[in-house]
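Reader: I am new to this structure. Please walk me through it, one short step at a time.

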Amino acid sequence: MNKGEEFAELISITRKFLEQERNRGIKEFMQHWEEKKAESGTLDDMARRIKDCQKCKLGRTRTNLVFGVGNPKAELMFVGEGPGFDEDRLGIPFIGRAGQLLTKIIESIKLTREEVYISNIVKCHPMKDPTHPEMRGNDRPPTQDEVAQCLPILFKQIGIIEPKIICTLGSPATKALLNLTEGIGKLRGKFYDFYPPYGKFGEPIKVIPTYHPAYLLRDPTRKREVWKDMKEIKKAMTSISPH
Ligand code: SF4
C-alpha cells in the first residue's frame, strides 16, 4: 500500500468510526463528544501537553514546536502548511516575510493578528535537509504521513476555538481539511463545509481556501484574487450567526 492509499484508508476508517458513533444514538454520541471536548481543555493545556511531541520525525529536528497564536475565541482562523525557518526559531507561526504579508492580508479586512487565530497543519518545521537546520530556504511541504500524525492536534484546536470561518492557505492545508484533490487555483474563493471531529457536533464550519502568502511573494499577480477572497470572508462573517 502506498502513502496515498494509506492516507485514504485513514480517512475512511475515521469516517466509519464517526458513522458507528452516530448509530449508537444521538444522545450518547453528543455526550461522548462533550467528553472528548472536555479532555482537550484549553489551548494552553493542549500546548503544554504536546510540547515534547515526537509522534513524527519532524519532532527530532525542530528548535521549537509552533503551536499557534491568536485569540482562543477567534471567529476567523487561518491554517497554513507548516513552520519555516523563522517560525522554528521563534516558536510563532507566520512571522517571516510570508507572515508579514499575512498580517497585511488580515488587516485588509479590518482585523488584527490578535483577533484571529493562526496555526498550521503540522507544528514542526519540515526541512529538505534536516542535517542543516541553520540553512535558510531549506523548507519543504510536509509528507502525508507527517500531516496524518499531526492533524489531530489541529482538529482539537479547532474544536476548542470553534471559529465561524477557517481560511486555508495553500494546497496542503486545503487538502488536509477538505480532502479534495483539485488544485488551489480551482478551490480558492469558495466556501466548503467542514465537520470538525471535535467541538460542536453536527455544525459545519465554513472553510474558504486561498493562496499561501509565500506563493504571493513568488507571484504577486495573484494578490488581487486573495483580496477578493478576503472580501468574501468579511461578507460571510457578518452574515453567519454568532456562536
Ligand atoms: S509535527 Fe506534529 S506530530 Fe510531528 S512531532 Fe511535531 S507536533 Fe508531533
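Author: Start with residue classes: Ala, Val, Leu, Ile, Met, Phe, Trp, Tyr, Cys and Pro count as nonpolar, Asp, Glu, Lys and Arg as charged, and the others, Gly among them, as polar. This is a predicted model: local features need pLDDT of at least 70, side-chain atom pairs count only at pLDDT 80 or more, and totals for chains, interfaces and linings use all residues. Residues are numbered from 1 along each chain as its sequence is written.

Reader: How do the residues of the shell around the ligand divide into nonpolar, polar and charged?

Author: A residue is near the ligand if its C-beta atom, placed from the backbone, lies within 6 Å of it. There are 14 residues around the ligand, and Cys 53, Cys 56, Gly 59, Cys 124 and Cys 150 come nearest. The shell divides into three charged, three polar and eight nonpolar residues.

Reader: Which helix gives the largest share of that shell?

Author: Helices (H or I, at least four residues) and strands (E, at least two) are DSSP runs, numbered from the N terminus. At least two shell residues come from each of α4 (58-61) and α7 (144-161). The largest share, three residues, belongs to α7.

Reader: Which strands are at the edges of the sheet?

Author: Two strands pair if DSSP finds at least two bridges between them. The sheet is open, with six strands in the order β1-β3-β2-β4-β6-β5 and mixed pairing. Pairing on one side only marks the edge strands, β1 (69-70) and β5 (192-194).

Reader: Which residue of β3 is the bridge partner of Gly 80?

Author: β2 and β3 (residues 117-120) pair in the parallel sense, over four bridges. Within β3, Gly 80 has as its bridge partner Asn 120.

Reader: Why do the buried residues of α11 line one face of the helix?

Author: A residue is buried if 20 or more other C-beta atoms lie within 10 Å of its own, exposed if 12 or fewer, and partly exposed in between, with C-beta atoms placed from the backbone. In α11 the buried residues are Val 226, Asp 229 and Ile 233. Directions from the helix axis to their C-beta atoms define the arc. Seen down the axis, these buried residues line one face because they fall within an arc of 60°.

Reader: Is Leu 65 buried, exposed or partly exposed?

Author: Leu 65 sits in the loop between α4 and β1. Its C-alpha atom is separated by 6.0 Å from that of Gly 91, 26 residues apart along the chain. Within 10 Å there are 19 other C-beta atoms, so Leu 65 is partly exposed.
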